[in-house]
Amino acid sequence: MYIPHTKTDKEEMLKSIGVSSFEELVKQVPSKFLWPGFALPEESLDETQAAARMAQLAAGNKRPLSFLGGGAYERYTPAAVKAITSRTEFLTAYTPYQPEASQGTLQAIYEFQSTVSALYGMDCANASLYDGASSFAEAVRAAVRVTGRKKIVYCAGVNPQYMDTLRTYFAHSPEYSYVRIPMKDGVMDKAALPALLEGAACIAVQTPNFLGLIEDMSGVAETAKKAGALLVAAADPVSLGILTAPGEYGADFAVGEGQSLGLPLSYGGPYLGLFSCKKEHVRQMPGRITGMTKDKDGKRGFVLTLQAREQHIRRDKAASNICSNEALCALAATVYSALYGPEGLKELAEANSGAAAFAAERLGAIKGCSLKFKGPFFNEFVLSVPGKADALREKALARGVDIGLPLAPLFPELGETLLVCATETKTEADILRLETVVKEAI
Amino acid sequence: MICAPAIDNRLSIEKSEAGRRGLWCRNPLRAKAKVPAELRRKSPPRLPELSEFDVVRHYTRLSRLNFSVDTHFYPLGSCTMKYNPRFNEEAAALEGFTALHPLAHDTCAQGTLELIHDLSARLVELCGLDAITLQPAAGAHSEFTGLLLAKAYFEAKGETRNEIIVPDSAHGTNPATASMMGFTTVNIASKPDGRLDVEELKKHIGPKTAVLMLTMPNTLGIFESNIEAIAAAVHEAGALFYMDGANLNALIGMVKPGDFGVDLMHLNFHKTFSTPHGGGGPGAGAIVCREQLAPFLPVPLVRKEGGKYVSDFGDGRSIGKVKAFFGNTGVLIRAYAYMLAHSAAELGDIARYSIINANYVRALLKDIYPSYSKEYCMHECVLAPGADMTAKGLKTLDVAKGLLDRGFHAPTIYFPTIVHEAIMIEPTETESRATLDEFAAAMRDIHDAGVADPQTLKDAPHTMPVKRLDEVQAARQPNLHW
Amino acid sequence: MPKPEEARYTKTHEWFHPGAEASVGISDHAQHEMGDVVFVELPKVGQKLEKEKPCAVVESVKSAFDIYSPVSGEVTAVNEAVTGDPALLNQSPLENGWLFKLKPSNPAESATLMDWTAYQDFIKQAAH
């Protein structure tokens, strides 16, 4: 379909190569394996037909008014972000292995690293990982390498998918132990920390946590340090428009899901793993890193640096196997952050907090419903509902509203509850409609 | 065309003006925000303050400093820099796809689930295997997933196998993945022709071997013609045969890997299936496998049940998640759009013309850039500077930089490491004969000009926005942010 | 620190200067082959090393090299100056660029190392 060769091209090229047929070129492949039958369409679609097929599939997805969060958040993608990321000089370039011909990508990555370092208040950041879950897992792996310890202490409020991914990254090896910090009012019970942290590689926290609650991080890094453990913190980058930055409370590694920075939901990806750390751990960062340097005339330029840590050089001794990352998503997040700036991000964070607070106020007042926890939350909260939460959700879906994620499969101890999220895309009218639909569904 | 080296090489932060704004969030619900003072950050993040136009001009300018597939021939070996069809982009941008939340109820996700189901079925057939996961975010991530499957498979059988065999020509991700998972890597030296040495393999394979990881065609662009003997040796030892599918472009639609004994393999959608590389990502990967490995695949998978598509969380034997949510769905949609555009025979043409193009380049250059292998190559060829160039002290790096000055991206260089001064060229099927002729002419010009005046080539590039950069300083005193 | 002729050498291009507090570094030939050194990771004081086992890492821009301990013993000192300024390995591999000192646990082991002449022959041979 996308092959430019004419019949004449093919014949003349084969002649230049010195063969009379293509088959001579592939003699190294045992002939019995060549050209088997495939049970695949015998006709391809032309672009008009393919467009119709894709439109049909896209229309097969329903678009309720959605209050889903739980690690992926509804955001508006600004037109200027789309304009920049669709520049094909960015879109169709490869990893910047030839720095002289890739200064655009390299400088953009440097600015991305700077943006992440600034948001998280950390000393340095890498050029991105796959998503929040893999960043979280890689940060814990780094803490294990630094400390030489294999006990991982984690908050019960860490996104369960992050914990699943972490266990998978350690290949379910029995060498590692996972100690869950008990939950008190939806957040970690800090009183339990000193005893639990003994011999631990790290304490892994997420704030706002999976239940939307903001963890009080004061003193946590100090408690960890006393035990010789590191602090790994996951945080939503938009929340950092107003919330204490991980660097401010002493995190060693700070990670997050960059999808929040204006990337579409796209049913789970591509997203953007944010990864940052203190300077002393810079060599523990997995993946690619861009650095500023000079060319031989003394002019500013950018290169991939600290490459000798990576898989293509260290092979079996590399810190991680990561090769491809999420560079284009990183560019989108950088442009998004530059468009909003510090003031705009603060406004976004406040709009999230305000929308969720308003939704909590309205839903919490419905007869039979109540807020499960009293503590401060960011853009989502846990709502106790009468009856089965998943049945309620399905009833509400029939009315065109996705009222939130039933939590019972993940947190049975919370009873019949929904995780309800409202971002800056929600208006007062949207939330009033949510309220009406929940009332009707009950 | 790359813009003339601009005087303005400031960072976005250096263009910042206090009080300037690009976008606002004016949602009145902001007034209801409830975050106690003690939980608020002490100082605002140091981000640039710019107008929207500032931002657009800044990044548009940066984009023009890049070479890309759309602007330049980009023959990076092992990277499959083929044309990225615009239709794929448009399809993936349909709001019905982009707005779908990953935790959406299955009844709201029927379109995407159907797409994943259909794409899965087509890919399984293409590989001649039985089952698939589309969860991995990239090739290396797929390798990781594949080895986890192998581990779970052997554990379920009650066997302890902790060695992974990898030939020395393998991509670095193979041994890196093996070690990340606690496997011991056993390296096997290749034969002089670049192929796996079956006798060596037989010496090293045994009851401890879990998996042989083999790239096909290998990184020298050569097919393992003794593939049947290799597969037999692997299976005799009770091990699994993993095919690194990074180079599948050479084989797609022409052979079924399952036919020659592959037990599991990965796909790179950002290579064979034409999704764009985006300056390093996002990509997407898949593991395609035989039935006996299927119970261990990451969840969820998509199943069709009574005319509806449902997420299937398996029977508890799954290895778990390798990534949050489903996978890089946005990339899978592009790959599906690409599959729609190809019949079975047209998929075979991808392999056919990628092989013709690589051999054509090899033939045009063989007198001045000798080929490592004496036989025809598959989708890529590995060359090196000839004796007359090395006599003048010219190296592969100089050839690479000379190409940039002539408007071509450089091939992959110094890989595979087993070839001295390697120049690895993968033209892909989407490049025309005219482009390949121009490329060969540029390579010839580099040779002639370099032999006549080595210093000028050693100083290349001369026309790029920057000259050769001080990578030593960058690594010794890392400057990683503003 | 030794004169090049006084040190003993390994096949992996480390030099070893025997004594009660023996010192270890990389040869001038090795630093040439590596190119500009950008990073050095040293063992910890008190760490017990085994002969011919990796104990340090030296990185150039695009390569990483394991350093193998020439003999077994316990590390008594490390050269902090090279971690701060890795260029010392290029400028002065036998003097300011020493890597660590150790107390050999089996002094007999050093007998298996090459002397200067043997090492010169070894390099010449390896070049062919």
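# A guided tour in questions

Biologist: Which residue stands opposite C:Glu74 in strand 9 of chain C?
Modeller: This is a predicted model, and we can begin with a pair of strands in it. Strand 8 of chain C, residues 73–78, runs antiparallel to strand 9 of chain C, and five bridges join them. C:Glu74 has its opposite residue in strand 9 of chain C, and that residue is C:Lys103.

Biologist: And which residue of strand 9 of chain C stands opposite C:Val24?
Modeller: Strand 9 of chain C also pairs in the antiparallel sense with strand 3 of chain C, residues 22–26, over three bridges. Across from C:Val24, strand 9 of chain C places C:Phe100.

Biologist: How many of the five residues of strand 9 of chain C are buried?
Modeller: A residue counts as buried if 20 or more other C-beta atoms lie within 10 Å of its own. Strand 9 of chain C, residues 100–104, is mostly covered, and its count of buried residues is four.

Biologist: How many residues of chain B are in contact with chain C?
Modeller: From chain C, five residues take part in this contact. By class, that side of chain C has four nonpolar residues, one charged and no polar. On the chain B side, the number of residues is four.

Biologist: Which helix gives the largest share of the side of chain B that touches chain A?
Modeller: This contact takes 172 residues from chain B and 167 residues from chain A. On the chain B side, 90 are nonpolar, 50 polar and 32 charged. The largest share there is 12 residues, and these come from helix 10 of chain B, residues 344–365.

Biologist: How far apart do the C-alpha centres of domain 1 and domain 2 of chain B lie?
Modeller: The domain assignment places domain 1 of chain B at 88–340 and domain 2 of chain B at 351–464. Between them, the contact takes 18 residues from domain 1 of chain B and 16 residues from domain 2 of chain B. The side of domain 1 of chain B that touches domain 2 has eight nonpolar, eight polar and two charged residues. From C-alpha centre to C-alpha centre, the two domains of chain B lie apart by 31 Å.

Biologist: Where is B:Pro217, which follows a cis peptide bond from B:Met216?
Modeller: The cis bond that joins B:Met216 and B:Pro217 has an omega of about -15 degrees. B:Pro217 has its place in the loop between strand 4 (209–215) and helix 8 (227–236) of chain B.

Biologist: What is omega for the cis bond from B:Ala460 to B:Pro461?
Modeller: B:Pro461 sits in the loop between helix 14 (454–458) and helix 15 (471–476) of chain B. The bond leading to B:Pro461 from B:Ala460 is cis, with omega near 0 degrees.

Biologist: What percentage of the 442 residues of chain A count as buried?
Modeller: Chain A has 13 helices and 17 strands. Along its principal axes, the C-alpha trace of chain A spans about 80 × 55 × 45 Å. Of the residues of chain A, the buried part is 62%.

Biologist: Which strands stand at the edges of the open sheet in the order 13-14-17-16 of chain A?
Modeller: The four strands of this sheet pair in the antiparallel sense. An edge strand has a single partner strand, so one side of it is left without a neighbour in the sheet. In chain A, the strands placed this way are strand 13 (370–371) and strand 16 (405–406).

Biologist: Which helix of chain A packs on the sheet?
Modeller: The helix touches strand 13, strand 14 (380–384) and strand 17 of chain A. Its direction makes about 5 degrees with that of strand 14 of chain A. Spanning residues 327–364, it is helix 11 of chain A.

Biologist: Is A:Leu306 buried or exposed?
Modeller: A:Leu306 lies in the loop between strand 12 (300–304) and helix 10 (311–314) of chain A. Its phi is near 50 degrees, a positive value in a residue other than glycine. Because A:Leu306 has 22 other C-beta atoms within 10 Å, A:Leu306 is buried.

Biologist: And is A:Asp185 buried or exposed?
Modeller: A:Asp185 is in the loop between strand 5 (183–184) and strand 6 (187–188) of chain A. Phi of A:Asp185 is also a positive value, near 55 degrees. With 11 other C-beta atoms within 10 Å, A:Asp185 is exposed.

How values were computed
Residues numbered from 1 in each chain as written. Chains lettered and ligands numbered in written order. Predicted model: local features only at pLDDT ≥ 70, side-chain atom pairs only at ≥ 80, totals over all residues. Contact = placed C-beta atoms within 7 Å. Nonpolar A, V, L, I, M, F, W, Y, C, P; charged D, E, K, R; others polar. Domains from an automatic or database assignment. Pairing = 2+ DSSP bridges. Helix = DSSP H or I, 4+ residues; strand = E, 2+ residues; numbered from the N terminus. Axes fitted to C-alpha atoms, helices over the stretch in contact; angles between N-to-C directions. Buried ≥ 20, exposed ≤ 12 C-beta atoms within 10 Å, placed from the backbone.
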